[in-house]
Amino acid sequence: MPETTPKGLTRLAFGGDYNPEQWPESVWTEDVRLMREAGVTMVSVGIFSWALLEPAPGTYDFGWLDRVLDLLHDNGIRVDLGTPTVVPPVWFFRAHPEALPVTADGRRYEFGSRGAICHSNADYRAAAANITTRLAERYGDHPALAMWHVHNEYGVPVSACYCDSCAAHFRRWLARRYGTVDAVNEAWGTTFWGQRYGGFDDINPPRLTPTVGNPAQALDYKRFADATIRENFRAERDILHRLAPGVPVTTNFMTALSQCDSIDYWAWGREVDLVTNDHYLITDGRRTHVNLAMAADLTRSVAGGAPWLLLEHSTSGVNWQPRNPAKTPGQMARNSLAHVARGSEGAMFFQWRQSRRGAEKFHSAMLPHGGTDTRVWREVVGLGASLDALREIRATRTVADVAVLWDWHSWWAQNLEWRPSADHDARERADAFYEALYDRHLTVDFAHPEADLSAYPLVVVPALYLMTEAAGHNLTRYVEGGGTLLVSYFSGIVDEHDAVHEGACPGALRDVLGLTVEEFAPLLEGDTVRVTGPDGTGLAADVWTEFVVPRGAETVWTYADGPAAGYPAVTRHRLGEGTAWYVSTRLDTGGLDAVLARAAEDARVPARPGLPRDVEVVRRTGESGSYLFAINHTGTDAKVPLDTPGTELLTGETAAGRIEVPAGAVRVVRLDG
Ligand code: GAL
């Protein structure tokens with residue numbers, strides 16, 4: 001069994017991407033001195049350094065990396081060592097220009113940035129295996145080595161290539177998946193628009209077409225692209241396992257749905273020894289700490305609930321958005337510790353020392369251009385001390401209250417063209433339901449629709465357009481067994497081939513919801529409707545309505561106006577020991593909360609009155625104890641009730657009955673007993 005925690009790391013991970021090759025060696029000694037001052041425990045090294053390690057084909061220069069690793073080891077800093085396969089050197093592309101990826105409209109990318117790789121290319125695969133082998137042979141037993149960091153953020157910036165090698169590889173993938181071309185024809189429904197294929201050789205990637213292409217082909221291409229990238233991860237991982245047994249292998253995920261949409265992290269979570277994630281705040285007007293919590297919960301979920309590690313976030317502003325706000329005082333610590341609360345075994349950054357040159361010189365770092373006499377540096381040192389004080393929480397697990405179903409394949413299918421409404425966005429619904437749960441102070445586990453859900457009193461399905469029959473049965477069993485299900489509209493519509501389930505919609509969910517949907521009735525942009533409850537309560541909604549016909553379900557809210565006036569808007573179905581709720585429209589925040597309150601009541605999910613909005617309270621528990629994290633994202637001091645007394649780990653104070661959390665501060669209480 002491969003190790004699942006960084007080798008030799010006895011504290012929480014704290015550090016960042018360290019790119020000493022950008023600096024003269026004289027700077028390195030200052031780097032490690034300051035790392036020690038800040039309490040850095042681990043750094044990520046060598047991620048972009050293939051051109052330096054192999055300056056010409058078959059010519060290697062490991063001297064500088066030897067010196068870096070030795071220096072770090074001498075100073076007690078563990079190393080997360082990169083395989084530099086995200087940027088092959090220019091000599092490689094001069095010899096193999098066809099290893100540069102091609103877009104769907106047939107244009108080939110050029111060298112000069114990063115991540116421009118065709119993952120089907122055999123020469124790339126051979127060269128990546130070679131440099132990985134060299135690194136593993138040289139550093140596999142280096143005493144500084146804590147773990148391997150394969151590649152960087154697979155899936156971005158290029159999620160799929162459409163070149164001829166990919167076409168050939170796609171055909172092989174299809175042959176393995178379907179066996180015969182007739183099976184492909186059947187699955188893709190190619191009789192539609194006369195797309196029938198006579199042999200595998202007829203099939204291409206979904207390249208530029210004059211109007212919408214075959215949706216099932218497009219969906220399979222997404223699966224193929226993800227699987228192809230995963231093949232390359234596995235190849236490197238297997239070399240590293242063979243040559244450096246006992247050293248965990250990871251690759252940094254980007255689970256935030258706003259940051260990567262091409263990787264099926266459920267599948268990837270099973271491939272890595274330790275799940276690691278990168279997370280950056282997106283400035284889109286939404287509450288960044290809620291998005292952060294969602295990404296952290298999703299990361300923990302793809303790790304199967306096991307501890308994971310935040311491998312990158314930023315000390316302050318990034319530099320790749322149109323506007324990049326600096327973090328406010330205390331925000332970095334709140335961000336870092338929110339990840340820790342939700343299961344991360346530390347907090348790492350991009351990057352250690354702010355670059356002077358290159359594309360990321362305006363991106364914040366642990367050590368800013370201004371050096372140590374800066375706010376960011378002082379906060380970095382403070383965070384290092386906080387993480388040191390929290391070291392006993394290692395290996396404890398975050399406790400979740402409810403589950404939200406999520407599936408990348410469904411998201412991919414939902415995002416294909418020609419749907420009933422361009423305004424319906426699966427991610428938006430996932431965000432909205434997550435936010436409603438966050439505001440009820442409920443901690444969320446994400447789950448795959450076919451996963452065992454029996455541990456959760458409440459399961460929320462925000463928008464799961466694609467659902468296999470197996471998933472439908474899973475949800476029926478869950479409700480029959482006593483669970484409470486809350487489903488949002490346009491869920492359970494198609495199977496894994498984007499074919500509508502037989503019979504009335506929603507095919508996969510008809511039985512469990514006790515209803516059929518006769519017709520979708522999406523609204524025009526800006527139009528709204530009202531729905532009214534039995535007690536006369538009115539809720540507002542937009543984007544989507546439906547003609548719902550109850551077949552066993554009771555109507556709880558009814559459309560008061562709009563195209564579906566008089567039809568059920570929100571229904572409740574008792575089935576076996578449990579209850580299934582259905583929401584057929586896009587309720588606003590208040591409406592969503594009203595329905596959630598009813599479903600939570602059915603599920604007997606704890607209500608948490610007395611916790612102010614934006615005071616985040618999360619628990620981790622394990623052998624070393626039970627810990628309550630309270631993160632105050634507001635500008636007002638807050639009080640958080642405590643069931644049991646305990647000791648606050650950052651201040652050392654004891655607390656009983658409640659803990660005071662000053663405005664913008666974080667408190668972590670080890671609960672007694
Ligand atoms: C990440 C990437 C890092 C750095 C960072 C900047 O996506 O892995 O190398 O570019 O973004 O925010």
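How many of the 5 residues of strand β14 (residues 484–488) are buried? The legends below, which describe close-up views of a predicted model, begin with this strand.

**View 1. Strand β14 and its burial.** In strand β14, which spans residues 484–488, 5 of the 5 residues are buried, so the strand is largely enclosed by the rest of the structure. In a regular strand, side chains alternate between the two faces of the sheet. In β14, T484, L486 and S488 point one way, while L485 and V487 point the other way. The residues on both sides are all buried.

**View 2. The neighbours of strand β14.** Strand β13 (residues 458–461) runs parallel to β14 and is joined to it by 4 bridges. In this pairing, L458 stands opposite T484 of β14. Together with helix α15 (residues 469–480), β13 and β14 make a right-handed β-α-β unit. Strand β14 is also joined by 5 bridges to strand β21 (residues 578–583), and these two strands likewise run parallel. Here T484 stands opposite T579 in β21. T484 thus stands opposite L458 and opposite T579.

**View 3. A salt bridge within helix α1.** The whole structure contains 46 salt bridges according to the search, and one of them is shown here. The side chains of R33 and E37 meet at 3.9 Å, N to O. Both residues belong to helix α1 (residues 25–38), where they lie 4 residues apart, about one turn of the helix. R33 has 48% relative accessibility and therefore counts as partly exposed. E37, at 46% relative accessibility, also counts as partly exposed.

**View 4. A salt bridge between E271 and R234.** The side chains of E271 and R234 meet in a salt bridge of 3.0 Å, N to O. This pair links distant parts of the chain, 37 residues apart: E271 lies in the loop between α9 (265–269) and β7 (276–278), and R234 in helix α8 (residues 215–243). Is E271 buried or exposed? E271 counts as buried because its relative accessibility is 14%, under the limit of 20%. Its partner R234, at 29% relative accessibility, counts as partly exposed.

**View 5. A salt bridge between R440 and D593.** The side chains of R440 and D593 meet in a salt bridge of 2.8 Å, N to O. R440 lies in the loop between α14 (426–439) and β12 (444–447), whereas D593 lies in helix α17 (residues 589–603), so the pair ties together parts that are 153 residues apart in sequence. With a relative accessibility of 24%, R440 counts as partly exposed. D593 likewise counts as partly exposed, at 30% relative accessibility. Elsewhere, salt bridges that share partners join R287, E435, D439, R613 and D614 into one network.

**View 6. A nonpolar patch on the surface.** Which residues form a nonpolar patch on the surface with W193? F192 and W418 complete the patch, and the three residues have about 430 Å² of accessible area together. W193 is located in the loop between α7 (181–188) and α8. W193 is partly exposed, its relative accessible area being 47%.

Methods: Residues are numbered from 1 along each chain as its sequence is written. This is a predicted model: local features need pLDDT of at least 70, side-chain atom pairs count only at pLDDT 80 or more; totals for chains, interfaces and linings use all residues. Side-chain values use heavy atoms; hydrogens and water are left out. Buried means under 20% relative accessible area, exposed over 50%, partly exposed in between (1.4 Å probe, protein chains only). Two strands pair if DSSP finds at least two bridges between them. A crossover is right-handed if, with the strands pointing away from the viewer, the path from the first strand over the helix to the second runs clockwise. A salt bridge is a side-chain nitrogen of Lys or Arg within 4 Å of a carboxyl oxygen of Asp or Glu. Patches are made of residues with over 30% relative accessible area and no salt bridge: like charges are joined within 9 Å, nonpolar side chains (Val, Leu, Ile, Met, Phe, Trp, Tyr) within 5 Å. Accessible areas come from the Shrake-Rupley method with a 1.4 Å probe; for residues, only the protein chains shown count as cover.
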